[in-house]
Amino acid sequence: KEEFLILAIESSCDETSAAVIKDGKEVLSNVVASQIDLHRKFGGVVPEIASRKHVELINPVIEDALEEAGVDYEDLSLVAVTYGPGLVGGLLVGIAAAKAIAYAYNLPLVGINHIEGHIYSNFISHPEIEPPLVCLTVSGGHTDLLYFEELGAYQILGRTKDDAAGEAFDKVARVMEIGYPGGPAIDKLAKEGDSQAIDLPRPLIYDDNYDFSFSGLKTAVLNYINQKKQKGEEIPKADLAASFQQAVVDVLTAKVVKAAQDKKVKRVLLSGGVSANSHLRRELEEKLDELEIKLYYPQPRLCTDNAAMIGTAGYFKYQLTGEIAPYSLNANPNLKL
Ligand code: KG4
Ligand code: ZN
């Protein structure tokens, strides 16, 4: 085959996605069927509903991805699939589909860590980047600060001890009743608010480590809302959104800048759903600019869950290690990097 075409599948949370990637970095198609509307009334992802929806959507989404790319099953060179971390039901649906296609068309199968996918989303948007790199992956499920000198060999500098950054956005937005998912809602509302209006904690910000903690901040917002309610006072939602977002951004920025300086890197990557946050991008870019360090983040469509990033991660994993997953590949909901 002249072209190296990868079919990638992602179903670890509430998006059913399939993509076709050419030669590692060129996205021929990236179909994402989001279940956001289904889960909205529950204020969060309901695993049982998600699994059932994945079953319904997986085949049409794969067909769409191939059709949009103008690619037949026979043209494919590799199948890449997320096998963790995530919700076990959703992961199993994607894995079963990937195995069936790999088996039917005699293709190598590569299992991908979802977090690694998020990291590689930057390699689609910016094909020129090279390690050494510091990378912050911030999503609904993860807050991981990594360093790597070589592709594939990650040193975990720190991660969250409790809630993920995106989870904190979602929970705060839920108690504020401003919409789901919370991140984009807070991002938008914060633009109308004063980020200094409400004094909120910045957990672990000055600690000499790279760990994060967001549950105390979330509780502080909850307490603030309860006090306001008790006093019968109106909640200044825009100010609260801006102040909360500022607290998260301050903590993330402080730790990333510290890591970039300690590791003496010239390039920093931001990835995961929260990397779509406009304030985080701006503040981090500014701080790193002063130190002549360049910040990269994926284009918006590649920040949140999608299969294109899994395809690119699959390409690199296959090229670098040649590691092929057996047909016994299983979902690993707690898979670590
Ligand atoms: O990467 P992702 O799609 O799924 C996981 O792997 O978790 O990330 C989803 C998370 C949600 O928590 C959502 O609220 C957050 O990313 N998010 C944002 C923004 N857009 C999405 N958080 C802050 N600001 C945003 N603009
Ligand atoms: Zn994700």
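This passage walks through the two domains of a predicted model, the ligand that sits between them and the annotated binding-site residues. Being a prediction, the model is read with some care: local features need pLDDT of at least 70 and side-chain atom pairs count only at pLDDT 80 or more, while totals for chains, interfaces and linings use all residues. Residues are numbered from 1 along each chain as its sequence is written, and chains are lettered from A and ligands numbered from 1 in the order in which they are written.

To start with the overall layout, the protein chain splits into domain 1 (5-119 + 303-321) and domain 2 (131-300), with bounds that come from an automatic or database domain assignment. Taken over C-alpha atoms, the domain centres are 27 Å apart. Where the two meet, domain 1 puts in 14 residues and domain 2 puts in 20 residues; a contact here means that the C-beta atoms of two residues, placed from the backbone, lie within 7 Å. On the domain 1 side, α1 (36-40), α4 and α11 (308-321) are the elements that give two or more residues. Helices (H or I, at least four residues) and strands (E, at least two) are DSSP runs, numbered from the N terminus. Of the elements on that side, α11 gives the most, with four residues. Sorted by class, the same side of domain 1 has seven nonpolar, five polar and two charged residues; Ala, Val, Leu, Ile, Met, Phe, Trp, Tyr, Cys and Pro count as nonpolar, Asp, Glu, Lys and Arg as charged, and the others, Gly among them, as polar.

Next comes the ligand. Both domain 1 and domain 2 give residues to the shell around ligand 1, so the ligand lies between them. That shell holds 19 residues, and the closest are Gly140, Gly166, Gly183, Gly273 and Asn277; a residue belongs to it if its C-beta atom, placed from the backbone, lies within 6 Å of the ligand. Helices α5 (165-176) and α6 (182-190) each supply at least two shell residues, and the largest share, four residues, comes from α6. In class terms, the shell is made up of six nonpolar, ten polar and three charged residues.

UniProt, in an unreviewed entry, marks His114, His118 and Asp305 as "binding site". Although these residues span 192 residues in sequence, no two of their C-alpha atoms are more than 8.8 Å apart, so they gather at one spot. UniProt positions follow the numbering used here, feature names are shortened, and annotations may be inferred rather than shown by experiment. His114 is found in helix α4 (residues 114-125), and His118 is in α4 too. His114 is buried, with 26 C-beta neighbours inside 10 Å, and His118 is buried with 30; the cut-off for buried is 20 or more other C-beta atoms within 10 Å, for exposed 12 or fewer, with partly exposed in between, and C-beta atoms are placed from the backbone. Setting aside residues up to four places away in sequence, His114 touches Ser12, Thr82, Gly84, Pro85 and Gly86, whereas His118 meets Thr137, Ser139, Ser271, Gly272 and Met309.

The "binding site" label in UniProt (unreviewed entry) also covers a further set, including Gly141 and Asp187. Gly141 sits in the loop between β6 (133-138) and β7 (143-150) and is buried, with 23 other C-beta atoms within 10 Å. Beyond four places in sequence, Gly141 is in contact with Pro85 and Ala164. Asp187, in helix α6, counts as partly exposed, with 19 C-beta neighbours inside 10 Å. Asp187 touches Asn277, Ser278 and His279, again not counting residues up to four places away in sequence.
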